[in-house]
Amino acid sequence: MSDIILQRDAQYVWHPYTQHHQAPFPIAVARAQGSWLYDTNGRAILDAISSWWVTTHGHCHPTIVDAIAEQARTLDQVIFAGFTHAPATALAAALVAELPQGLTRIFFSDDGSTAVEVAIKLSLQSFANQGKPRTLIAALENAYHGDTFGAMAAGARGVFTHMYEPLLFDVARLPDPSEGDTLAALDALIASRGHELAAVIVEPLVLGASGMRVWDEQVLRDIRERTSAAGVHLIADEVMTGFGRTGPMFACDRATVRPDLLCMSKGITGGVLPLGATAATEEIFDAFRSDDRRKTFFHGHSYTANPIACAAALASLSLFTPACHAERTRIEQLHTEQLSVLRGTRGVKAVRQIGTVAAVELDAPAGYLSDIGRELAAFSLQQGVLIRPLGNVAYCLPPYCTTNDELRLVYDVLQRFLQGERAAPVPTGGPVDD
Ligand SMILES: *Cc1c(COP(=O)(O)O)cnc(C)c1O
């Protein structure tokens, strides 16, 4: 079974973020349940990163699975221009009820990158539609907003983007608030180019892909205050932080900040189906209402508001009960305990935490291409734990159903790696001519 999968994979498939010349054979996964993946040989692997930060309530949660099955039998897909349906309207209403007050309009798309593209375009066009165009976007150093062109432009320049750099639009870059004085730079930017500045985009309270860099709530409040005063939009990219990841439903809630635009994806469907959503204020929505049809938002995706994905999202939202909140608090506490053991351990440079996200920065050369991360990933996988370090930063971002015993497995693997244990060599999926 697994042989034919791997053979076809090697012959026909191109994987994301994968150097096919070097990568080990991928693991063929047959099924998943709760916090566990099971490969085609029945081996269990603990999904300590929620399958790239998406799974919230655990894999194959029956409530979500049933909602999907029911919706698939009823209405699978319909064009969303000129048509609407119960799952999308119920989801929009439910999201508005959960979002920071004042975010009252939901624009659906497909994933995190498109949710970001939509936010940037909405901001720019809302100014243009009001006859006072602004064309500058400000973003943070070390930011990650996705892999499409607009999202790449807003993201930090680096190994992911350098091939395309000449084609990326310029953004004003503000220091990463986890290490620099973002506010002073923002003040200077507003003083010099405030009339050009449409929006500041941030990953609120934690810069994810650049290594789970946690930053201060007060700085987020201050960014909000300054952007509001300058009539500049604040875009909160909550693609990772949304849906309870940092504790409350949204990271903006932790700082009691209301952005003008808020991007959601990843956990929105419980991590079961792809869906993106961008929330906007009524003020931004109103800037597009006009008798002049050129002021329309000419943007949409084939699967905008796919009914099955919306049904999955609604089912997932129904699972955010007080019991789910208690599970997140429990995970948060276990992280805090375990990180306090790791802090100061040889080989550990720093530890960081926000909500159910825990990160350990290893004392090794930094950067996404750092070898230590791959060594740790290989070792942990052989121990039955899926973690996927960002360079020299290992992190645990588990589904909310993960038990304390399961979490201890992750920390145990990390401790053993720090004590020098390493993986046995594995065959690579590279050229098969030898
Ligand atoms: C993952 C991520 C994105 C991109 O989402 P995709 O669904 O992978 O396109 C954007 N912003 C943040 C903060 C993310 O973590």
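A polar contact is a pair of N or O atoms within 3.5 Å, and in this predicted model that definition can be applied to the surroundings of the ligand. An oxygen atom of the ligand is placed 2.7 Å from an N or O atom in the side chain of Lys-266, so this pair falls within the 3.5 Å limit and counts as a polar contact. The side chain of Ser-113 also has an N or O atom 2.6 Å from an oxygen atom of the ligand, while for Asp-237 the partner of the side-chain N or O atom is a nitrogen atom of the ligand, at 2.6 Å. These three residues belong to the set that surrounds the ligand, which also includes Trp-53, Asp-111, Gly-112, Tyr-144, His-145, Gly-146, Glu-203, Val-239 and Met-240.

From the ligand we can turn to the helices, beginning with α12, which covers residues 322–342, and α14, which covers residues 404–418. The axes of these two helices come within 10 Å and cross at roughly 20°. Because angles under 35 degrees count as roughly parallel, α12 is described as roughly parallel to α14. The crossing in which α12 passes α14 is right-handed. On the α12 side the contact is made by Arg-330, Ile-331, Leu-334, His-335, Gln-338, Leu-339, Val-341 and Leu-342, and on the α14 side by Asn-404, Leu-407, Arg-408, Tyr-411, Leu-414, Gln-415 and Leu-418. Sorted by class, the residues in this contact of α12 with α14 are nine nonpolar, four polar and two charged.

Helix α14 also has a crossing with helix α13, which spans residues 371–382, and here the axes come within 10 Å and cross at roughly 125°. That angle makes α13 oblique to α14, and α13 passes α14 in a right-handed crossing. The residues of α13 that meet α14 are Ile-372, Glu-375, Leu-376, Phe-379 and Ser-380, and their counterparts in α14 are Val-413, Leu-414, Arg-416 and Phe-417. By class, the contact of α13 with α14 consists of six nonpolar residues, one polar residue and two charged residues. Leu-414 of α14 is named in the contact with α12 and again in the contact with α13.

One further residue of helix α13 can be followed in more detail, namely Ala-377. When its neighbours within four places in sequence are left aside, Ala-377 is in contact with Ile-387 and Pro-389. The C-alpha atom of Ala-377 is separated by 8.7 Å from that of Ala-394, a residue 17 residues apart from Ala-377 along the chain.

Key: Residues numbered from 1 in each chain as written. Predicted model: local features only at pLDDT ≥ 70, side-chain atom pairs only at ≥ 80, totals over all residues. Heavy atoms only, no water. Axes fitted to C-alpha atoms, helices over the stretch in contact; angles between N-to-C directions. Helix = DSSP H or I, 4+ residues; strand = E, 2+ residues; numbered from the N terminus. Parallel < 35°, antiparallel > 145°, perpendicular 65-115°, else oblique. Left-handed = near helix turned anticlockwise from the far one by under 90°. Contact = heavy atoms within 4.5 Å. Nonpolar A, V, L, I, M, F, W, Y, C, P; charged D, E, K, R; others polar. Near = heavy atom within 4 Å. Polar contact = N/O pair within 3.5 Å; in protein donor to acceptor, adjacent residues only side chain to side chain.
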